[in-house]
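Biologist: I am new to this structure and would like a close look at a single part. Please take one residue and its surroundings, and explain the terms on the way.

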Amino acid sequence: MKLLQELRIGQVVARNRVMFGPIVTNLGNDDREFTESHRAFYEARAKGGAGVIVFEGASVHESDWPYERAPLASKCESSWQMLAKAVHAHGALAIASLDHAGGQGSSAYSQAVMLAPSRVPEVNSREVPKWMEQSDIDSVVAGFAEAAESAVRAGCDGVELNAGQHSLIRQFISGLTNQRDDAYGADKMLFASQVIKAVRTKVGQAVIGVRLSCDELAPWAGITPESAAALASTLES
């Protein structure tokens, strides 16, 4: 079975093609760090045989606090080291998921305005985010790069950038949420490209993955299965 065969990913080799993806556990502490509970959780998955383990998403910027104990990347280097060591001991690759929920986040915990490409109300809460200025964009791009550098320095084999659900990157790509009239509206891939390039400069040959939304169920303006393949190809290049 190919599922159980090794798979080379850049400079590293996964022992099989089983990937345990990032999920919300809310096991973090009040300082927004990963904990011993996380370690036990991921170690069990490594013992179970997963070839690649992607840790719970960490917010790359202080403007993002999407749920109560969401990890904050700037505080996670030592705990990423703990998680990477635990899963490596059982033969799995360790990947840090890097997140920013953008307009799909929450202001409940930060008590601050949310950032997004455009002033499009979040579907569930109807909260209206701030239209990101260039200084906001530059700060978040830098946040992704710094978080990636921290994760790899901690011993992770690479990072996964969330451009899927609850993702600022996806919100820039999608016509549903990107209604800008500047360069980021004319080229909806610009923000994603800037994030990937900034991350690559910080992590060298470490793995960079992108979790991509392939169907927003809104074909009049959103990402569709027909357009997703082209998006993936563009992001890869």
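Modeller: What follows is about E56 and then about helix α1. This is a predicted model, in which local features need pLDDT of at least 70 and side-chain atom pairs count only at pLDDT 80 or more, while totals for chains, interfaces and linings use all residues. Residues are numbered from 1 along each chain as its sequence is written, and side-chain values use heavy atoms, with hydrogens and water left out.

E56 lies in the loop between β4 (52-54) and β5 (58-59); strands are DSSP runs of E of at least two residues, and helices are runs of H or I of at least four, numbered from the N terminus. E56 is buried but has no salt bridge. Buried means under 20% relative accessible area with a 1.4 Å probe, protein chains only, and a salt bridge is a side-chain nitrogen of Lys or Arg within 4 Å of a carboxyl oxygen of Asp or Glu. The nearest side chain of opposite charge, R32, is 9.5 Å away; Lys and Arg count as positive, Asp and Glu as negative, and His and the chain ends are not counted.

The side chain of E56 does make polar contacts (N or O atoms within 3.5 Å, one able to donate a hydrogen and the other to accept it; residues adjacent in sequence count only if both atoms are side-chain atoms). One, of 2.8 Å, is with the side chain of H38, and another, of 2.4 Å, is with that of Y67.

H38 is also one of the buried residues of α1, together with F41, Y42, E43 and A46. Among what covers these buried residues are β3 (19-20), β4 and α2 (77-88), where contact means heavy atoms within 4.5 Å. Just after α1, G49 takes a positive phi of about 115°.

Notes. Buried means under 20% relative accessible area, exposed over 50%, partly exposed in between (1.4 Å probe, protein chains only).
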